[in-house]
Amino acid sequence: ALHLTDISVPRVADVRDTVTLSCTYNMGKHKLNSVKWYKDGSEFFRYAPMMIPPIMTFPVVGVTLPKDQTILCTKSTCSVILDQLEPRTSGSYRCEISGDSPEFKLISETGNMTIAALPRHDPIITGITHSYEDGDFLLGNCTSDMSSPPAMLSWYINDEKESPEYLQPLRETTMESDGFQLRFRSLEVRFHVDKTRHGIFRGAMRLKCLARVEQIPAATRESSVLVYITSQDDLTNQKLINIWANSGHHKFTAQPQLHVIMALLVCLMLATR
């Protein structure tokens, strides 16, 4: 029996990429008559191994085939490459297999593809310095790469999603390019550093910005920054250490045996009186 065993149509493709559509089939006792590819019901590619030439293409809006398209079809598989993608390339793609006479059996499968302008770069974090004191006011901004659909931004502190009360309203900028409404977004976070509330471990706090495109997990991007938090006690202890180091007392620490010998001599002198 004639079987179409697999069809491969990317669910989402980036407009800057090329796309390969493919289907695999088992002809059984039948002989391959043709393989046809359709977009939204309109045929744009046909492979008929018994015809000369074996490949025919047909104009369909949103579908562009490379001028040097090579034959990527055999008796068991057929692939076609699309380039110069655009918004109108999105649609339903069907692979149809036809057997030879006298039955001319048909079998087909369909896959849907959406063309998007996915983010190519990680979000940019600005405004955050490398160290703060406990209680300091921290202000940071995260800006996503341009994309369509736009990315959703989230702030995390030590892997805990930051509360909305510490976030400013989302800002968005739009520009049109190649038929896409490209948008990049900025999200600002503001809060007073609190070693207890933020669960700061070993004096460090990691802030992460996550840029996630809805329903396209592979397009998720993130950036993070590590900041160090000191308290007033830490600063006081450091000052004491610096004062001790600068006073010259540390010079004697290299000879602890001398202190012990002097103490023993004093004890002996007192005992012999």
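# Briefing on a predicted structure

Gly62 is buried, with a relative accessible area of 8%. Buried stands for under 20% relative accessible area, exposed for over 50%, and partly exposed for what lies in between (1.4 Å probe, protein chains only). The model is predicted, so local features need pLDDT of at least 70 and side-chain atom pairs count only at pLDDT 80 or more, while totals for chains, interfaces and linings use all residues. Residues are numbered from 1 along each chain as its sequence is written, and side-chain values use heavy atoms, with hydrogens and water left out.

**Gly62 and its surroundings**

- Gly62 sits in the loop between strand 6 (55-57) and strand 7. Strands (E, at least two residues) and helices (H or I, at least four) are DSSP runs, numbered from the N terminus.
- Ser90 is 28 residues from Gly62 along the chain, and the C-alpha atoms of the two are separated by 7.7 Å.

**Nonpolar cores**

- The largest nonpolar core has 32 residues, and Val35, Trp37, Phe44, Leu82 and Ile97 touch the most other members.
- Seven strands are listed as each supplying at least two residues of this core, among them strand 3 (19-26), strand 4 (32-39), strand 5 (42-47) and strand 7 (77-82). Strand 8 (91-99), strand 9 (106-116) and strand 16 (180-192) are also included.
- Strand 3 gives the largest share of this core, four residues.
- Another core, of 25 residues, lies apart from the largest one and includes Leu138, Leu187, Phe191 and Cys209.
- A nonpolar core here is a set of buried Ala, Val, Leu, Ile, Met, Phe, Trp, Tyr and Cys residues joined through side-chain atoms within 4.5 Å.
- In soluble globular proteins, nonpolar side chains tend to be buried together.

**Salt bridges**

- The whole structure holds 12 salt bridges. A salt bridge is a side-chain nitrogen of Lys or Arg within 4 Å of a carboxyl oxygen of Asp or Glu.
- Asp14, Arg16, Asp17 and Arg120 are linked in a network of salt bridges.
- Within this network, Asp14 and Arg16 meet through their side chains at 2.8 Å, N to O. Asp14 is buried, at 4% relative accessibility, whereas Arg16 is partly exposed, with a relative accessible area of 45%.
- Asp17 pairs with Arg120, and their closest N and O atoms are 3.2 Å apart. This pair links distant parts of the chain, 103 residues apart: Asp17 is in the loop between strand 2 (12-14) and strand 3, and Arg120 is in the loop between strand 9 and strand 10 (124-126).
- Asp17 is partly exposed at 36% relative accessibility, and Arg120 is partly exposed at 36%.
- Arg46 and Glu43 form a salt bridge through their side chains (2.8 Å, N to O). Arg46 is partly exposed, with a relative accessible area of 24%, while Glu43 counts as buried at 17% relative accessibility.

**Surface charge**

- Glu133, Asp134, Asp136 and Asp194 form a patch of negative charge on the surface.
- Patches are made of residues with over 30% relative accessible area and no salt bridge; like charges are joined within 9 Å, and nonpolar side chains (Val, Leu, Ile, Met, Phe, Trp, Tyr) within 5 Å.
- Asp and Glu count as negative and Lys and Arg as positive, while His and the chain ends are not counted.
- The place of a charge is taken as CG of Asp, CD of Glu, NZ of Lys or CZ of Arg.
- Accessible areas come from the Shrake-Rupley method with a 1.4 Å probe, and for residues only the protein chains shown count as cover.
- One of the patch members, Asp136, lies in the loop between strand 11 (131-133) and strand 12 (137-143). Asp136 is partly exposed, with a relative accessible area of 30%.

**Backbone features**

- Most residues other than glycine have a negative phi, and most peptide bonds are trans.
- From Ser101 to Pro102 the peptide bond is cis, with omega near 10°. Pro102 belongs to the loop between strand 8 and strand 9.
- A cis peptide bond also runs from Ser148 to Pro149, with omega near 5°. Pro149 is in the loop between strand 12 and strand 13 (152-157).
- Gln84, which is not a glycine, has a positive phi of about 50°. Gln84 is placed in the loop between strand 7 and strand 8 and is exposed, with a relative accessible area of 60%.
- Asp159, likewise a residue other than glycine, has a positive phi near 70°. The loop between strand 13 and strand 14 (160-161) contains Asp159, which counts as exposed at 60% relative accessibility.
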